[in-house]
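Colleague: Could you take me through the largest pocket in this one, close up? I'd like to know what lines it and how it sits in the chain as a whole.

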Amino acid sequence: MSTHASQLERLTFFSDAVFAIAITLLVIEIHVPRLGVADDQAYLAALHELMPSFMGFILSFLVIGALWAAHHRVFGLLADYDSGLVMPNLLLLMVIAFMPFATALMSANPLARVPELFYAGTLLTAGLLQRWLFGKALRAPYLRRDVAPADVVAVRARSWALPTAALLAFALAWVAPAYNNFVLLLIPLLARLLPRLARRRLAAATA
């Protein structure tokens, strides 16, 4: 294995570890009710109070999972290593590691504007950093030779899904805190739509 291939593998393994730790820490922020009684209604009420934390956990788990899947997909397209990838990758991982705190703040204050802005802003930052990382990685001579230009265009377009949805969620947090998070459900739709549009534009430009 070449030195560059070894460095690329180390960078990928380190990134996978940070993603795994961050996604695991999400559940630690959900504190188990300890009521000291055997009353079923009391426990049901306590679990009901934790619903915002459960929803925050699910939402952030899916977002971090989507970020990891995109990271895994892009680094699978690379055949060589560039030291210029280290800093944007580290900055992305820093925000990923910070997401359990942003999730806990939002979940504990589901109707408050500032925590919702803070959470959406964290997602927006992560999305933009990942877009920056992918922009640096998806170029010659680091790509595998068998990667088609259309695939590169599609992956770059897909990377705009999270920052686009997060920006909308950030804007809506000013007027509809908590409900703004429903906009994040657009991420899977955008992740499918944007690559298709990008492929069509490429096909039209090369026709």
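Modeller: Starting from the outside: the chain exposes about 11500 Å², and carbon and sulfur atoms supply 69% of that area. Keep in mind that this is a predicted model. Of the 207 residues in the chain, 41% count as buried. The C-alpha atoms fill a box of roughly 65 × 40 × 25 Å along the principal axes. As for the fold, you're looking at eight helices and zero strands, so to speak an α-α-α-α-α-α-α-α run from the N terminus on. Contacts reach a long way along the sequence too: among those in the chain with a separation of 6 or more, 79% link residues 24 or more positions apart.

Now the pocket itself. The largest pocket holds about 820 Å³ of space, and 33 residues line it. If you want to centre your view, go for Leu59, Leu62, Val63, Leu184 and Leu185, which lie nearest the pocket's centre. The lining is drawn from several parts of the chain: α3 (51–75), α4 (86–108), α5 (113–137), α7 (161–172) and α8 (186–206) each supply at least two residues. Of the contributors, α3 gives the most, with 13 residues of the lining.

And the chemistry of that wall? By residue class, the lining of the largest pocket splits into 25 nonpolar, five polar and three charged residues. The residues nearest the centre, again, are four leucines and a valine: Leu59, Leu62, Leu184 and Leu185, plus Val63.

Methods. Residues are numbered from 1 along each chain as its sequence is written. This is a predicted model: local features need pLDDT of at least 70, side-chain atom pairs count only at pLDDT 80 or more; totals for chains, interfaces and linings use all residues. Side-chain values use heavy atoms; hydrogens and water are left out. On a 1 Å grid over the protein atoms alone, a cavity is a set of points where a 1.4 Å probe fits but cannot get out, and a pocket is an open set with protein on both sides within 12 Å along at least five of seven lines; lining residues have an atom within 4 Å of a point. Grid points are joined across faces, edges and corners, and a volume is the space filled by probe spheres set on the points. Helices (H or I, at least four residues) and strands (E, at least two) are DSSP runs, numbered from the N terminus. Ala, Val, Leu, Ile, Met, Phe, Trp, Tyr, Cys and Pro count as nonpolar, Asp, Glu, Lys and Arg as charged, and the others, Gly among them, as polar. Buried means under 20% relative accessible area, exposed over 50%, partly exposed in between (1.4 Å probe, protein chains only). Contact means heavy atoms within 4.5 Å. Accessible areas come from the Shrake-Rupley method with a 1.4 Å probe; for residues, only the protein chains shown count as cover.
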